[in-house]
Amino acid sequence: MTNLSRRRFLASSLSVGAVALSPFARGADEAAPEPIIDIHQHTNYANRTNAQLIAHQRAMGVTQTILLPAGSAVKRPSTGDGKHNGLGGVGAGGNDTALAIARQFPKEFLFGANDVTDLPEARTEISKYLDLGAIIIGEQKFAVECDSKESQMLYALAAEYRVPILMHFQHDTYNLGFERLHKMLEKYPKTNFIGHAQTWWANIDKHHADQKVLYPKGTVTAGGLTDRYLTDYQNMFADMSAGSGLNALTRDEEHARGFLDRHQNKILYGSDCNDPVGSGTACQGSQTIAAIRKLAPNKTVERKILYENAKKMFLNNR
Ligand SMILES: [Zn+2]
Ligand SMILES: [Zn+2]
């Protein structure tokens, strides 16, 4: 049976009532009427347990989650002398922890491979987990120039393994030199870059001038650096996760509708929230799902952003 016919078979063999009664029992996308892929979550996030993480994802209606590990806990300038270990000091787990959940729940969880960008053993460590089945490099969240030679080694590695690399852009803190990223997009055309975080989302606005402002409010004028990168480079994608992603949608809803429409093939849903709740105001990830549903210009675009784009990038050909 092909995947598609199997999915249809399963969908038709389940009564509507059975689906409605067991939202927490479903894991595989086959059983969900509207599957959602979350491309951005973490293990041990702010001490959230694995059981809480799994319950959180199911409560959000997420059917498949990509776990992005932290790098090695080391003290060096790129980790702020250890302050940024565990992805910005939030205690996120490393490669082994993401792999462990993915092995235990292979239908629900996939995993990434990561390490501190400029650690001499980064390439070997990341390759080891890519060989074990990791489907992305990241989350890259270290104090390095985005065009450093060590970063470039990882861009090349991503192309070699045909996996994307996810980067947290934060002015003066992580992946510096966002205004020079286009040089990397040109130099590594076979590497798919996924942009994330404050500096990425602040720069949707053409008039975003003060890069120290990380969560700008108010109306947005299209044509900012982020908008241009997405338009001009086929290998640039956007991760909708975190407070910065949600802010980009809510600060100017009219702009957001156009943005989701014009980049409908490039935007990937992610949550990146660390609450144990998974719904309502306590959960930024579920608010982002609601915002996408509200602001997507039509159902086709909504489904692309919540599911189809990530399926195409991560699950086809597996
Ligand atoms: Zn993250
Ligand atoms: Zn949440």
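1. Angles between helix axes under 35 degrees count as roughly parallel, those over 145 as roughly antiparallel, those from 65 to 115 as roughly perpendicular, and the rest as oblique. Helix α11 (residues 242–250) and helix α13 (residues 284–295) have axes that come within 10 Å and cross at roughly 30 degrees, and α11 and α13 are therefore roughly parallel to each other. The axes are lines fitted to C-alpha atoms, for helices over the stretch in contact, with angles running from 0 to 180 degrees between N-to-C directions.

2. This is a predicted model, in which local features need pLDDT of at least 70 and side-chain atom pairs count only at pLDDT 80 or more, while totals for chains, interfaces and linings use all residues. Residues are numbered from 1 along each chain as its sequence is written, and chains are lettered from A and ligands numbered from 1 in the order in which they are written.

3. In the contact between these helices, Gly 243, Gly 245, Leu 246, Leu 249 and Thr 250 of α11 meet Gln 284, Gln 287, Thr 288, Ala 291 and Leu 295 of α13, where contact requires C-beta atoms, placed from the backbone, to lie within 7 Å. By class, the contact of α11 with α13 has four nonpolar, six polar and no charged residues; Ala, Val, Leu, Ile, Met, Phe, Trp, Tyr, Cys and Pro count as nonpolar, Asp, Glu, Lys and Arg as charged, and the others, Gly among them, as polar.

4. Helix α5 (residues 95–104) has Asn 95, Ala 98, Leu 99, Ile 101 and Ala 102 as its buried residues, a residue being buried if 20 or more other C-beta atoms lie within 10 Å of its own, exposed if 12 or fewer, and partly exposed in between. These buried residues cover an arc of only 165 degrees around the axis, which puts them on the same side of α5; the arc is that of the directions from the helix axis to the C-beta atoms. Asp 96, Arg 103 and Gln 104 are exposed on the other side of α5. The buried residues of α5 pack against α3 (50–60), β2 (64–67), β3 (109–111) and α6 (122–131). Helices (H or I, at least four residues) and strands (E, at least two) are DSSP runs, numbered from the N terminus.

5. Some backbone details also deserve a look. The peptide bond from Gly 138 to Glu 139 is cis, with omega near 10 degrees, and Glu 139 has its place in strand β4 (residues 137–140). Ala 46, in the loop between β1 (37–41) and α3, has a positive phi near 50 degrees although Ala 46 is a residue other than glycine.

Terms used. Contact = placed C-beta atoms within 7 Å.
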